[in-house]
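Trainee: I'm new to reading protein models. Could you walk me through one, feature by feature?

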Amino acid sequence: YVQQNIVKDKTTAATFITEMLSRNLYYTDAAFVSLGYDTAFIQALPAIAALDEECTAVKLPAEIRKEKKKLGARLLKIFEPLLKNELLTAYSRQVAAQKTNGNYCIVFSLVAHAMGISKQDALYGFYYNAAAGFVTNSVKLIPLGQQDGQEILFSLLPLMQQLAEQSMQSEKELIGLCCTGFDIRSMQHEQLYSRLYMS
């Protein structure tokens, strides 16, 4: 998006991040956080594994699939030994045995549930974390000033709250209703000649 001069300043960065949160993550990863959290209540490991497989299936670019698995593995490595939660441990063993993928959003939902974080707070935290990542990338790549980045993030707080509330009841049949343009750009990103940093 930056190389093609689509995202080029504070205004276009804010638009890009808004679209990513509300039109991409809302129908993919945030929906899986919501469904994963609900499934954790009934301690249904097969259902968690099924969500994990579906999560992988809706990620068309290979780079995105790898990224989400790496992030999930890191989160599991940090929290599984600390929480000693039966479901999280069983899931971690399945990931280690390569019986399921360990997508970040699924791990995030299980960790939040194991820590007793409310579902809405977990969803808000998930959206905030995603937005902060997008802002950080924008500040580095466009580039923007740190103040611009903070202003974008602050302006998105009401949207993140709204999305967290809406994600409380995810519609499973809408999963995968996401941004084709982002998938295409992600595939193009895999073939970039050079990168400024590991994004």
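Mentor: Let's go from the whole chain down to single residues. One thing up front: this is a predicted model.

Trainee: Okay, where do I start? How many helices and strands does the secondary structure come to?

Mentor: Start by listing the elements along the sequence. Here you get 10 helices and 0 strands, so the pattern reads α-α-α-α-α-α-α-α-α-α. The radius of gyration is 17 Å, close to the 16 Å that the globule rule gives for 199 residues, so the chain is as compact as a globular protein of that length. If you like boxes better, the C-alpha atoms fill one of roughly 45 × 35 × 35 Å along the principal axes.

Trainee: And how do I see what share of the residues counts as buried?

Mentor: You compare each residue's relative accessible area with a cut-off: under 20% is buried. In this chain, 45% of the 199 residues count as buried. The accessible surface comes to about 10600 Å², and 56% of that belongs to carbon and sulfur atoms.

Trainee: What do contacts tell me about residues 24 or more positions apart?

Mentor: Look at how far along the sequence the partners sit. Among contacts with a separation of 6 or more, 78% are between residues 24 or more positions apart.

Trainee: What about charges? How many positive and negative side chains are there?

Mentor: Count both kinds, then compare where their centres lie. There are 19 positive and 19 negative side chains, with the centres of the two sets 8 Å apart.

Trainee: Now a single helix, please. How far does H7 reach from its first C-alpha to its last?

Mentor: You check a helix's span against what its residue count predicts. H7 has 23 residues and reaches 33 Å, close to the 33 Å expected at 1.5 Å a residue.

Trainee: Which residues of H7 are buried?

Mentor: Here's the general idea first. An α-helix has 3.6 residues a turn, so residues three or four places apart point the same way. Now the case: the buried residues of H7 include Lys119, Leu123, Phe126, Ala130, Phe134 and Val139. The buried residues of H7 pack against helices H1, H2, H6, H8 and H9.

Trainee: Lys119 is in that list! Why does lysine 119 count as buried?

Mentor: Because its relative accessible area is 10%, and the cut-off for buried is under 20%. Leaving out residues up to four places away in sequence, lysine 119 touches Ser34, Tyr37, Asp38, Ser167 and Met168.

Trainee: And valine 139, what is in contact with it?

Mentor: Valine 139 also lies in H7, which covers residues 119-141. Valine 139 is buried at 13%. Beyond its neighbours within four places, valine 139 is in contact with Leu144, Gly145, Gln146 and Gly149.

Trainee: Can we try a residue in another helix? Where does lysine 68 lie?

Mentor: Lysine 68 lies in helix H4, residues 62-83. Lysine 68 counts as buried at 15% relative accessibility. Among the residues that lysine 68 touches are Asp29, Lys59 and Tyr104.

Trainee: One last thing: how far apart are the C-alpha atoms of aspartate 183 and alanine 62?

Mentor: Compare distance along the chain with distance in space. Those two are 121 residues apart along the chain, yet their C-alpha atoms are separated by 9.8 Å. Aspartate 183 sits in helix H10 and counts as buried at 10% relative accessibility. Its contacts, apart from residues up to four places away, are Leu60, Pro61 and Cys178.

How values were computed: Residues numbered from 1 in each chain as written. Predicted model: local features only at pLDDT ≥ 70, side-chain atom pairs only at ≥ 80, totals over all residues. Heavy atoms only, no water. Helix = DSSP H or I, 4+ residues; strand = E, 2+ residues; numbered from the N terminus. Buried < 20%, exposed > 50% of the residue type's maximum accessible area, 1.4 Å probe, protein only. Contact = heavy atoms within 4.5 Å. Rg over C-alpha atoms; globule rule 2.2 N^0.38 Å. Areas by Shrake-Rupley, 256 points an atom, 1.4 Å probe, with all protein chains shown as cover. Lys, Arg positive; Asp, Glu negative; His and termini not counted. Charge placed at Lys NZ, Arg CZ, Asp CG, Glu CD. Expected span 1.5 Å × (residues − 1).
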